[in-house]
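The questions below ask what justifies the terms used for this model. Each answer sets a value against its criterion.

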Amino acid sequence: MSAPAIARDVPRETAPDVAIDVRHITKTFGTFTAVDAISFTVAPGEILGLLGPNGAGKSTLVRMLTTLILPTSGSALIAGADVVTHPDDVRRAIGVIPQALTSDLELSPRENLSIFAKLYGVPRDRRRVLIGELLESVELTDWADKPVKMLSGGMRRRVEIARALVHEPRIFFLDEPTTGLDPVSRTGVWDMLRRIKSERDLTVLLTTHYMDEADKLCDRIAIVDHGKLIALDSPTRLKAAVSGITSLEVSFAPAPPNWLDDLTRLPGVDSVTGDGSLFRLTSHTGAATTRALLDEAADRGVSVESISVANTTLDDVFLHFTGRQLRDHLEGPAAADSPFILRR
Amino acid sequence: MHRIMAMVERDLRRFRRSPVLIVMSLILPLFQLVILGYAFGGTVKHLKVGVVDQDGGVPAVKLRELTVAIASNARTFETVSYSDPGQALTALRTGRLNGVLTIPPGFSRRVLAKDEPRVALIEDNTDNFVTGALAASVTGMVDAYNLHEPSTSGIPAAATLDVVEVYPYVPYIQYLLAGSILLSIFTMVMIGGGIIFIDDKARGLHEGYLVTPITKLELILGFNISGALKAILAGVVLMTVGSVIAGIPNPFDPARLLRLLLVVVMTSVALISMMFMLMARMSDPLVPRAMFGVLNTLLYFPSGAVYPTQAFPTWMRVLSKVDPFTYGVHALKSLLLKNTGFGAIAPDLLYLALFTAVTMTIATMLFRRTL
């Protein structure tokens, strides 16, 4: 595998313009290493996305950075404060949207925001003004006094976004902010995040397993797999790192036995996945591979039902760096869909 | 302080919007008070007793007249006359009779000769409550019969006992009220405290406030104050409504209400501390639900709420000694049934305070501010 375009060089001293500085942070549970010596920095105003499948260690990493669990080793400075030695300074500087929807369902959005403003010690006068502004900002003014349980999933997520901003933090952590939302609500949350981020000059670190989310929202993407940081760069540069690769998605009717092995032997093919009748190939000689594939199918008397040629996606990037496709990990229901998420 | 109050406000606002929780926490103890109070508090009546008179003499007739008098007045039992003892015993074995009173041949002769006359009561002893009631009634009847037989010396044949009761008669429903108040507090502590706490934890709600600057002590105090307030509310409702239902004399005596409130507060704080200690490291929402029944049995029944602790075997008396319910029940019974002063309940309050201190200390040591 070729060397990826990874920005792993971490400065020895935290520069003033670094919002998040993570150094060799590790978390083990017994013999299992959930996060394995990950290091990166996030600049003020930047949106960094942690992209990886379920179980990659993204949420564990975010929980360490938001003081919810202690690292086994390594360190992290958030707004200049150490997550282990000065957790309260970190907590005052950050707004967090956990993976689960954590608003109190019986309370209204206004009450949820008010309780959290009190927990952060926001003065009464400022509280009243700020809560009104935030509810307007997330377009929930009309629903401000209805119980949260009456709100849709997208609206509840917006309540959480407003709640996490109630003490005017500088750094925003979002753990899979759109998991479980329908496509329209997801787009709505993206638009809202972009707007709020620019209005409030926030630094954002979000985790996602949606490639389109990472692609559209993030300035840089960190690909995480098996607790390790695999690659870190802008979406454009990550895709450029695997440029020249063409993705072919071909449907046969039907595919003969050992067809996957035959496809693997075609000229220029880097990888083949699939079974049944649908196969996905990546190739560094797209046109030659396509011609060879059609010839092979004709020679073997295999009927090609459809063929599509795709540009490089983040899935290709993930495949390139990990040897597996991201979507293979996402077939099962996401843990967040369950009403009960057991915590360690 | 403002963070503690924010936690309390959050919990009480949620509680106010959950009428089902409020009703369910109060309904179980109220139902238990009324159903158990009347089910166990009543006098056993309308038992069927076969009377076999194999004597037929005047003293035997007088004894039979006494059985008819009981059947007409106390109604503990109704009589059915049998001439054949075999038929009466068959009726007893087939469940048509609860007992057979046999007046043997020669009974009248022995009475007149003062030669230890005897009658026999053959009982269906599969139900101890029925057996006890029947034996007590027939024994009383025979004692009454003996009183009518003059002593030859003019001096009573045996010593008699006169019982003087200090307090008015206490129906069982009043006896049970103290336990029901404890049960209402415990139910609220379990449902409104333990189960909601673990459900919130399992749903990830705790993550929301663990990322705020709230301290461990503020969190613990917030949880416990709101839990105790809900439990006190449940206890006060049962204390007042239950007193009226059970017919406690002068239920709204202000001095007694204040002492009752003190016991309810101390018990609520003790039980919420115990609950918090048990839940501090728990995360599975099924566990508190499973624990509900177990704890209910372990705490409620050994406390003396439904039966005197003096009747318990040694191991159960030990359990009763450490059970906080025991002290709550004792204090509430003292106030509800005897309207005692503070001195009589002070040892109970002292134990509840010590229990709170121990469980709260352990809970604080077990509680983790991180996930």
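**Terms and their grounds**

Not counting residues up to four places away in sequence, B:Phe197 touches B:Phe223 and B:Met279. The model is a predicted one.

Q: What makes B:Phe197 buried?
A: The cut-off for buried is 20 or more other C-beta atoms within 10 Å. B:Phe197 has 22 other C-beta atoms within 10 Å, so B:Phe197 is buried. The residue is found in helix 7 of chain B.

Q: How far apart are B:Phe197 and B:Ala246 in sequence and in space?
A: They are separated by 49 residues in sequence and by 34 Å in space, C-alpha to C-alpha.

Q: How do you know which residues make the contact of helix 1 of chain B with helix 9 of chain B, and at what angle do the helices pack?
A: Contact requires C-beta atoms, placed from the backbone, within 7 Å. Helix 1 of chain B and helix 9 (residues 216–246) of chain B pack at an angle of about 35°, and their axes are 8 Å apart. The crossing of helix 1 of chain B and helix 9 of chain B is right-handed. Helix 1 of chain B contributes residues including B:Ile4, B:Met7, B:Val8 and B:Phe15 to the contact, while those of helix 9 of chain B include B:Leu219, B:Gly222, B:Phe223 and B:Leu229. By class, the residues of this contact are 10 nonpolar, 2 polar and 4 charged.

Q: How many residues of chain B are in contact with chain A, and which helix of chain B gives the most?
A: 27 residues of chain B are in contact with 30 residues of chain A. Helix 1 (2–16), helix 7 (172–203) and helix 8 (205–210) of chain B each supply at least two residues of the side of chain B that touches chain A. Helix 1 of chain B gives the most, with 7 residues. That side of chain B has 10 nonpolar, 7 polar and 10 charged residues.

Q: What makes strand 2 and strand 5 of chain A edge strands?
A: Strand 2 (32–42) and strand 5 (81–82) of chain A each pair on one side only. They belong to an open sheet of 4 strands in chain A with the order 2-1-4-5 and antiparallel pairing.

Q: How do you know that strand 1 and strand 2 of chain A pair?
A: Pairing takes at least two bridges. Strand 1 (residues 20–29) and strand 2 of chain A have 7 bridges, in the antiparallel sense, so they count as a pair. A:Ile25 has its bridge partner, A:Ile38, in strand 2 of chain A.

Q: Which strands are the edges of the sheet 12-13-11-14 of chain A?
A: The edge strands are strand 12 (269–275) and strand 14 (303–310) of chain A, each of which pairs on one side only. The sheet is open, with 4 strands and antiparallel pairing. Its neighbouring strands are turned by 20° against each other on average, direction ignored. Strand 11 (residues 246–253) and strand 14 of chain A share 7 bridges in the antiparallel sense, and A:Ser251 has A:Ser306 of strand 14 as its bridge partner.

Q: Which helix of chain A lies across strand 11, strand 12, strand 13 and strand 14?
A: Helix 10 (residues 286–300) of chain A does, running at about 10° to strand 11 of chain A.

Q: Why are strand 9 and strand 10 of chain A called a pair?
A: Two strands pair if there are at least two bridges between them, and strand 9 (residues 220–225) and strand 10 (residues 228–233) of chain A have 5, so the criterion is met. Their hairpin has 2 residues between the strands, and A:His226 takes a positive phi near 50°. The bridge partner of A:Asp225 in strand 10 of chain A is A:Lys228.

Note on methods. Residues are numbered from 1 along each chain as its sequence is written. Chains are lettered from A and ligands numbered from 1 in the order in which they are written. This is a predicted model: local features need pLDDT of at least 70, side-chain atom pairs count only at pLDDT 80 or more; totals for chains, interfaces and linings use all residues. Two residues are in contact if their C-beta atoms, placed from the backbone, lie within 7 Å. Ala, Val, Leu, Ile, Met, Phe, Trp, Tyr, Cys and Pro count as nonpolar, Asp, Glu, Lys and Arg as charged, and the others, Gly among them, as polar. Axes are lines fitted to C-alpha atoms, for helices over the stretch in contact, and angles run from 0 to 180 degrees between N-to-C directions. A crossing is left-handed if the near helix is turned anticlockwise from the far one by less than a right angle, and right-handed if clockwise. A residue is buried if 20 or more other C-beta atoms lie within 10 Å of its own, exposed if 12 or fewer, and partly exposed in between; C-beta atoms are placed from the backbone.
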